Amino acid sequence: MINYLIVFLISMVPLIELRGAIPYAVANNMPLLQSYIIAILGNMLPMPIIFFFARRVLEWGKDKPVIGGFFTFCLEKGHKGGEKLKEKAGNGLYVALFLFVGIPLPGTGAWTGTLAASILDMDFKKSVKATMAGVVLAGVIMGLGTKIIMIIASLF
């Protein structure tokens, strides 16, 4: 039971997320389907908070001493990158969000995708669907990848 809690908590950590929780579950010989579902729930739980409050926090902090420069940088970089992405993606913006979240590379998880959706003023429901689909894809990739690596490692 404690291992499931660990999977849940790992999947909530920014940058690690489900990409760390699934390998943990596989390495600890936990049932993959149950671990996968728990990791998805943990990974998606912070999403509404990030979507609705991250931008507000950045806006609030942009004129504060010490943090203001960084917060302003985040907002400007997000707006600038977002406008470029909107131009290129057009109607495929939500597909781009899905792929961004779904391809398990460092810094491309649900936290970052949700923050980007918030900064870009994307529709919440559509963003949730795209991010959830991306998290599911990332979980499948990480589960299969970890299993394959474990099989190869057992051969040596």
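This is a short walk through one predicted model, from the whole chain down to a few single residues.

I'll start with the overall layout. The chain has 156 residues, and its secondary structure consists of eight helices and zero strands. Read from the N terminus, the order is therefore just α-α-α-α-α-α-α-α. Along the principal axes, the C-alpha atoms take up a box of roughly 55 × 35 × 30 Å. Of the residues, 35% count as buried. The surface that the chain exposes is about 9,100 Å², with 74% of that coming from carbon and sulfur atoms. As for contacts, take those with a separation of 6 or more: 69% of them join residues 24 or more positions apart.

Next, helix 6, which covers residues 93-102. Which of its residues are buried? They are L93, L97, V101 and G102. Looking down the axis of helix 6, these buried residues sit within an arc of 165 degrees, so they line one face of the helix. The general background is that an α-helix has 3.6 residues a turn, so residues three or four places apart point the same way. What covers the buried residues of helix 6? The cover includes helix 2 (17-27), helix 5 (68-89), helix 7 (110-119) and helix 8 (124-154).

One of those residues, L97, leads to the next spot, because L97 is among the contacts of A117. A117 belongs to helix 7. Its relative accessibility is 1%, and buried means under 20%, so A117 counts as buried. Leaving out residues up to four places away in sequence, A117 touches F51, L97, M122 and S127. F51 is 66 residues away from A117 along the chain, yet their C-alpha atoms are separated by 7.2 Å.

S127 is the partner from helix 8. With a relative accessible area of 0%, S127 is buried as well. On the same sequence cut-off, S127 touches M47, F51, Y94, L97, A117 and M122. If you have the structure open, put A117 and S127 on screen together: F51, L97 and M122 appear in the contacts of A117 and again in those of S127.

Staying with helix 8, I want to look at how it relates to helix 3. I40 is in helix 3, which spans residues 32-44. Buried or exposed? I40 is buried, at a relative accessible area of 10%. Setting aside neighbours within four places in sequence, I40 is in contact with L18, M132, V135 and V136. A contact here is heavy atoms within 4.5 Å. Not every residue of helix 8 comes so close to I40: T146, 106 residues from I40 along the chain, has its C-alpha atom 16 Å from that of I40. V140 is also in helix 8, and at 38% relative accessibility it counts as partly exposed. The C-alpha atoms of V140 and Y36 are separated by 8.4 Å, with their positions 104 residues apart along the chain.

Now the largest pocket. How much space lies in it? About 620 Å³. Its lining is made up of 24 residues, and K77, G78, F100, T112 and A116 lie nearest the centre. The elements that contribute two or more residues to this lining are helix 5, helix 6 and helix 7. Helix 5 gives the largest share, nine residues. By type, the lining divides into 16 nonpolar, five polar and three charged residues.

Last, two loop residues with backbone angles worth checking. As a general matter, most residues other than glycine have a negative phi. L15 has a positive phi of about 70 degrees, although it is not a glycine. L15 is in the loop between helix 1 (2-12) and helix 2. With a relative accessible area of 62%, L15 is exposed. N29 is the other case: also not a glycine, with a positive phi of about 55 degrees. N29 lies in the loop between helix 2 and helix 3, and at 71% relative accessibility N29 counts as exposed.

To recap: eight helices and zero strands, a helix 6 whose buried residues line one face, and a largest pocket to which helix 5 gives the largest share of the lining.

Technical notes. Residues are numbered from 1 along each chain as its sequence is written. This is a predicted model: local features need pLDDT of at least 70, side-chain atom pairs count only at pLDDT 80 or more; totals for chains, interfaces and linings use all residues. Side-chain values use heavy atoms; hydrogens and water are left out. Buried means under 20% relative accessible area, exposed over 50%, partly exposed in between (1.4 Å probe, protein chains only). Helices (H or I, at least four residues) and strands (E, at least two) are DSSP runs, numbered from the N terminus. The arc is that of the directions from the helix axis to the C-beta atoms. On a 1 Å grid over the protein atoms alone, a cavity is a set of points where a 1.4 Å probe fits but cannot get out, and a pocket is an open set with protein on both sides within 12 Å along at least five of seven lines; lining residues have an atom within 4 Å of a point. Grid points are joined across faces, edges and corners, and a volume is the space filled by probe spheres set on the points. Ala, Val, Leu, Ile, Met, Phe, Trp, Tyr, Cys and Pro count as nonpolar, Asp, Glu, Lys and Arg as charged, and the others, Gly among them, as polar. Accessible areas come from the Shrake-Rupley method with a 1.4 Å probe; for residues, only the protein chains shown count as cover.
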